[in-house]
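Q: Please take a close look at one strand of this model, covering how enclosed it is, what it pairs with and how far the prediction can be trusted there.

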Amino acid sequence: MTDGQKIIGARGSKLLTGVSAHTPLTGYAIIPQEDTVITSFIVDGVEERTSYGLGGNTLKAGSLITVPSGSAITALTMSSGSVVIYNG
């Protein structure tokens with residue numbers, strides 16, 4: 001996927017809600033739609049919540065979390081809130 005395709009969300013997006021695990025995913029970015037607490041953030045099969053500064057923090061609505069080019073968010077769990085994930 002080119003950077004231009006990422007900017008326009010060419011491969012679509014999906015709203016994730018609820019406290020169950022969302023998997024399998026292939027996203028490159030998430031945007032919380034409301035204050036959101038992430039309890040698990042898996043990138044390329046590895047738990048990366050702490051690496052991305054998501055441990056113990058509430059994400060504010062509209063904040064943008066991206067992973068490096070070539071990587072993918074493969075699973076996500078929230079204890080509250082909702083996010084839109086952009087497909088890679």
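A: Strand S3 (36–43), a strand being a DSSP run of E with at least two residues, numbered from the N terminus, has six of its eight residues buried, so it is largely enclosed by the rest of the structure; buried means under 20% relative accessible area with a 1.4 Å probe, protein chains only. This is a predicted model, in which local features need pLDDT (the predictor's confidence in each residue, from 0 to 100) of at least 70 and side-chain atom pairs count only at pLDDT 80 or more, while totals for chains, interfaces and linings use all residues. Residues are numbered from 1 along each chain as its sequence is written, and side-chain values use heavy atoms, with hydrogens and water left out.

Pairing requires at least two DSSP bridges between two strands. S3 runs antiparallel to S7, joined by six bridges, with Phe-41 opposite Leu-76, and also antiparallel to S5 (residues 58–59), joined by two, where Thr-36 faces Leu-59. Two further antiparallel bridges link S3 with S4, Val-43 standing opposite Val-46, and these two strands form a hairpin with two residues between them, where Asp-44 in the turn has a positive phi of about 50°.

Phe-41 and Leu-76 recur among the residues that touch the most other members of the 17-residue largest nonpolar core, together with Leu-16, Ile-30 and Ile-38; such a core is a set of buried Ala, Val, Leu, Ile, Met, Phe, Trp, Tyr and Cys residues joined through side-chain atoms within 4.5 Å. S3 is one of the elements giving this core two or more residues, as are S2, S7 and S8.

As for confidence, the chain averages a pLDDT of 91, and the highest mean, 98, belongs to S4 (residues 46–47).

Note on methods. Buried < 20%, exposed > 50% of the residue type's maximum accessible area, 1.4 Å probe, protein only. Helix = DSSP H or I, 4+ residues; strand = E, 2+ residues; numbered from the N terminus.
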